[in-house]
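Here's a set of exercises to work through with the viewer open. Try each task yourself before reading the solution.

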Amino acid sequence: MNAVTKIAGAALRHDSAVKHATGEARFIDDMAEPAGTLHAALVTSPVAHGQLRALDLAPARAMPGVVAVLGPTDIPGENDIAPIARNEVLFVETIIEHHGQALALVVARTRDEALRAAAAIKPDIEALPPILRIQDGRDWLVGPFTMKNGDADTALAAAPFTAQGEFEVGGQEHFYLEGQVALAIPGEGAEMLVHSSTQHPSEGQHIIARVLGVPYGAVQVQCRRMGGAFGGKESNASWVAAAAALAARHTNRPVKLRLPRKADMAATGKRHPFLYRWRAGFDAAGRITALVADMTADGGHSVDMSGGVVMRALTHAINAYSVADLRVTCGAIKTNHVSNTAFRGFGGPQGAMLMDDVLAHVARATGHDIEAVRARNFAGGPNPSHTPYGQALEGDLIRRVHAEAMADSSWDRRRAEIAAFNATHPTLRRGLGCFVSAFGISFGIPHLNQAGALVHVYTDGSVRLAHGGTEMGQGLFIKVAQVVAEVFSVPIETVGLAATHTAEVPNTSPTAASTGSDLNGWAAFNAADAIRTRMASVAAKHFGCAEDAVRFEDGQVLGATDNQRLTFGELAKKCWLARVSLSATGYYATPDLEWDMQAVRGKPFFYFSYGAAVSEVVIDTLTGEHRVLSAHLVQDCGKSLNPAIDRGQIEGAFIQGMGWLTSEELWWDPAGRLRTVGPSTYKIPGSRDVPPVFQARILEAGPARANTIFRSKAVGEPPLLLAGAVWNALKDAAGVAHLDAPVSPERLLRAGQRP
Ligand code: MTE
Ligand code: HPA
Ligand code: MOS
């Protein structure tokens, strides 16, 4: 293929980049409201745990502008919004399980009136003591599951040296710029159309239907784009949409529900905090031979997707390393926090921190440089290449990304310069850290690894592309459009992008697990390829040449000889006249996955995305503050579908991960009320936190050995793990092996004062 038609792999800008900048991109709250639209507001719990004795809705009903006030008895279907299990109410009936939990919904003429009326409701609650710490948890929500290999106890007893550790890592608020929002428009009879800012339109459809007590087919969900999601709109968007739909059903008017930031932060789940306890055996060279570890996730009050998060934490606990004899457990414990949920990495980042904690202790105990210890323990090479659950890692790629990050950052030179700096500076200390990750790509639940697409070619040659994936800023729409443009060899501008809609592509998986472009890319390829094959056959007849002589190039369709040529549009018109369909669905299911969840064994992932990072920090030993001075990242994207988009993902994920591990601290008061409910108290990274030296590089000629779409690899979540380099650099600067995250100034000060 010639240069112009290499659309797959081109660094095209995000289809909405300009629209995002000018404000032309329409989010749900920007849509023109249909005549008669009402606005809803949640009534939420002021306590973390308690018995709801009475809920008098009358004070809200008497407030100006109020049209309806709805509680659990107003639900025509089920009062259940759980994505997997059936155990989560939309509105509390008896026991309040967390601060900010929804009790009722007020519907009014304006949003302000709805919010004011919601505040007028004073629930009668008998407070119960809340469980707020993992350490105080009593009931497992899921698991614990055990991942085993060899005989960990015997190996630990036989090891020349042992070490142990206990550390914790906090949760994280998604802080999407566009909060949770849905606009429900009632149709005829039971019909309901809901514009929902959601990663999972099909689940929205199901939960709306469950709450309304109607068949799935009566409900349609649409989403053109989200203003960020990061996992926070995988399950939480569904209940927001269901609440809006419930109000629309009752009033028979369009209803919009947009959560204010405070309510959004209190009422929707976050990343799971983790507590780790481990014992490791190792030899004098720092090779880890045995590991026994327990990881406990704070699941919050209900299951949500904690099962999947726990599984991903387990399957990432040994990360890019190899330990012959091990036993690692992971479960999610019940607390009186909001139910924790998907967040970029989905437990993978939490799991992968275990080995880096172990490595830091082993390096300290043996006196070896941590990077030497790291390299000694990589999977592959002289070590076994299989993960504890039995899937092979690519040791060559692990070593390659590590070596390239070390080289990019001039590791050895920086080490020497940092030593010189630290020797002379009285209060500031610099530190250097590295992190390597192997992130498994596929949903942990095998049946979710499927996707559909619907492609139309119109008779002028313009194209319409719909698929089941959702756009949250990650660039999925442009990537999938590139796949279709490549198949037809037409300019990218001729591929029109349809909003994600349950009526166009049904029964979809969430856009999650970084699989969006893998799954929808193949589905769209299959749809476009089916049309292309039909078009080639019409062209062959027209030219009088063999079908396999027909080529699609640069918006043209060529036959066997030079004068046999039509534009793509001319051929489309000929197909129509010949009564050949120009529309097709495409479907894809990831092959070769097998997973035994109970045994924690099998091949859960189609492949791994590898990455490495080196970061340098400086800390102030008087205040505990720090700055990240540099970051050099190398991320394997296979043959990138779009290097511009992928680089943006690498940069964004790293900075988001850095926020998680450093400045983003969720704080609950002793009564269990989340008090960090806005940007003034919850600090996400700003532009000035981006390291002044910041190089995010795609691994060159990264070989995709699995049959992925155009040999690309997923990139959405994996680079978030690379922020572990900042955590490690902070440990190095503070001269400690143990450092809980997020590394607040208080924690850094205390860490430095440990013996
Ligand atoms: N990038 C942006 N800009 N906004 C987002 O909300 N979500 C992340 C990642 N990148 C997100 C993002 C998460 S959690 C996932 S799983 C992937 O995008 C999902 O999209 P993909 O599968 O198309 O990569
Ligand atoms: N990632 C994100 N969402 C999911 C997953 C996963 O691995 N499994 C089920 N939902
Ligand atoms: Mo991403 S946490 O899988 O939505």
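What follows is a short run of tasks, each with a worked solution.

This is a predicted model, in which local features need pLDDT of at least 70, side-chain atom pairs count only at pLDDT 80 or more, and totals for chains, interfaces and linings use all residues. Residues are numbered from 1 along each chain as its sequence is written, chains are lettered from A and ligands numbered from 1 in the order in which they are written, and side-chain values use heavy atoms, with hydrogens and water left out.

**Exercise 1.** Work out which residues come nearest to ligand 1, and find its polar contacts with the backbone of G473, S514 and T515.

*Solution.* Start with the shell, where a residue counts as near if one of its heavy atoms lies within 4 Å. There are 19 residues around ligand 1, and A229, F230, M472, G516 and Q649 come nearest.

Next, sort that shell by type: six are nonpolar, eleven polar and two charged. Here Ala, Val, Leu, Ile, Met, Phe, Trp, Tyr, Cys and Pro are nonpolar, Asp, Glu, Lys and Arg charged, and the others, Gly among them, polar.

Now look for polar contacts (pairs of N or O atoms within 3.5 Å; within protein, one must be able to donate a hydrogen and the other to accept it, and residues adjacent in sequence count only if both atoms are side-chain atoms). A polar backbone atom of G473 is 3.4 Å from a nitrogen atom of ligand 1. On the oxygen side, an oxygen atom of ligand 1 has a backbone N or O atom of T515 at 3.2 Å, and an oxygen atom of the ligand has one of S514 at 3.5 Å.

Last, check the cover: on its own, ligand 1 has 530 Å² of accessible area, and the protein covers 92% of that. The areas come from the Shrake-Rupley method with a 1.4 Å probe; for residues, only the protein chains shown count as cover.

**Exercise 2.** Why do the F274–Y276 and F654–F694 ring pairs count as tilted?

*Solution.* First, the rule: rings of Phe, Tyr and Trp (its six-membered ring) pair if their centres lie within 6.5 Å, with planes under 30 degrees apart stacked, over 60 edge-to-face and the rest tilted. The structure holds 17 such aromatic pairs.

For F274 and Y276, the centres are 5.9 Å apart and the planes at 35 degrees, so this pair is tilted. F274 has a relative accessible area of 1% and is buried (under 20%; exposed is over 50%, partly exposed in between, with a 1.4 Å probe and protein chains only). Y276 is buried too, at 0%.

For F654 and F694, we get 5.7 Å between centres and 40 degrees between planes, so that pair is tilted as well. F654 belongs to helix 16 (residues 643-661) and F694 to strand 29 (residues 693-698), so the pair ties together parts that are 40 residues apart in sequence. Helices (H or I, at least four residues) and strands (E, at least two) are DSSP runs, numbered from the N terminus. F654 is buried at 0%, while F694, at 23%, is partly exposed.

**Exercise 3.** Which contacts does the side chain of Q564 make with backbone atoms?

*Solution.* Place the residue first: Q564 sits in the loop between strand 22 (556-558) and strand 23 (565-567). Its relative accessibility is 14%, so Q564 counts as buried. Then follow the side chain of Q564, which reaches the backbone oxygen of F543 at 2.9 Å and the backbone nitrogen of A560 at 2.6 Å.
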